[in-house]
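Student: I've got a fold to go through and a few things to ask. Can we take a look at it together?

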Amino acid sequence: MSNFDFVFEKGYNNMFIVYKSEIVNRFDPIHIRSMRAHTQKYLYRTERLSTIATSFSGGTPPKKEDSFWNGPISWASAKDFKSLTITETEDTITALGVKHSSTKIVPKESFIMVVRSGILKHTLPTAVNLKEVAINQDIKAFVLRQDILPFYLNYFFYVFNKDILSLVVKHSKTVQSVNTYELDNLQIPIAPKDVQLQIISLMDKAINVLKCKEIEANKIYNSIDTYLAEELGISSERNRTIEDRKFGFLVQYRDITENRLDPIYFNADINKFTHCTYSERLSSLAYTFIPGFAVGRQDQVEKGEGILQIRPTNIDNNGRLKYDKKVYVPEIEDVPFVKSGVVL
């Protein structure tokens, strides 16, 4: 097999052929399969990411040193990538924190990316920082060439996120990380600046529409009880609190300890019946409970050879016996697992 090798994917029962010409760089099935499936053809010429930007990573000041933290300088980590832009960060550091650590200050409106995190299993977070920020070691910043707008590059990664993710991320048992070589060699289409501005404008509008739709969807979701009540003609006054809702009720933990945890059992109507003033347990009224047994059609006997068996189908909705469906089974002594009593 001089021209190709067989590669088996762990956890699957299939295989595919990988040619040696395809494994100049990486030799993992996910990467090679992604290369085959996501080869993009762009309208404009492309350049490697490393040729259009200068990149660097950051660091973390020692946590035990209080004088390094809670200062005026924003310090970005993976948890701050909640949208396509970063204006504020959860953590801040001081000038001393910058001086005594490997963190670096990223110029305003640079392109930044999470390069090491568990989130890389399914998403490659990127953003544009709208103010100067320091970054930790899991973030990489890209200071772009003047002919490349940061929002244009950010939208490129946003649109092709899944494709890029499978091409540049390397997987491990602990945490995922970006393969620097693959990222640096990622081909970026270099559109003219006026085209970049048009793309940014169109994407901004599309993102705003998406946000409005999400807000509208959340309003509908949060008002689903009221909506259903109105549609069913139920007074909305009884749906203002959880206790008064028609579609649910509260159960105290003490009511379910060592008992049942199903809504029907705790229904108010059933509780009135089970907790009435004059009542006794069924077990105190009966000497014993005798289970029945089931027989298949092949085990049924003729009328003169056995006895009548009562089944659920012989009991009507009013609890009365009916005999329109008669089934006869062997005598009790002929059934080894029934020792005494009546067959129910």
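What follows is a short round of questions and answers on this predicted model.

Student: Let's start broad. How many helices and strands does the protein have?
Tutor: Buried residues make up 33% of the 344 residues here. Of the contacts between residues at least 6 apart in sequence, 62% join residues at least 24 apart. As for secondary structure, the tally is 11 helices and 17 strands.

Student: Which element gives the most residues to the largest nonpolar core?
Tutor: That core has 33 residues, and Leu124, Leu153, Phe157 and Ile188 touch the most other members. Several elements supply at least two residues each, among them α2 (49–52), β12 (139–144) and α7 (193–222). The top contributor, with 5 residues, is α4.

Student: Which residues does Leu124 touch, leaving out those up to four places away in sequence?
Tutor: Leu124 is one of the residues touching the most other members of the largest core. Leaving out those sequence neighbours, its partners are Met113, Val114, Phe157, Asn161, Ile164, Leu165, Val168 and Val178.

Student: And how many residues are in the second, separate core?
Tutor: Phe56, Val106, Val114 and Val133 are among its members. The count for this second core is 12 residues.

Student: Is Gln309 buried or exposed?
Tutor: Gln309 is found in the loop between β16 (306–308) and β17 (328–330). Its side chain makes a polar contact with the side chain of Arg311, at 3.1 Å. Because its relative accessibility is 3%, and the cut-off is under 20%, Gln309 counts as buried.

Terms used:
Residues numbered from 1 in each chain as written. Predicted model: local features only at pLDDT ≥ 70, side-chain atom pairs only at ≥ 80, totals over all residues. Heavy atoms only, no water. Core = buried A, V, L, I, M, F, W, Y, C linked by side-chain atoms within 4.5 Å. Buried < 20%, exposed > 50% of the residue type's maximum accessible area, 1.4 Å probe, protein only. Helix = DSSP H or I, 4+ residues; strand = E, 2+ residues; numbered from the N terminus. Contact = heavy atoms within 4.5 Å. Polar contact = N/O pair within 3.5 Å; in protein donor to acceptor, adjacent residues only side chain to side chain.
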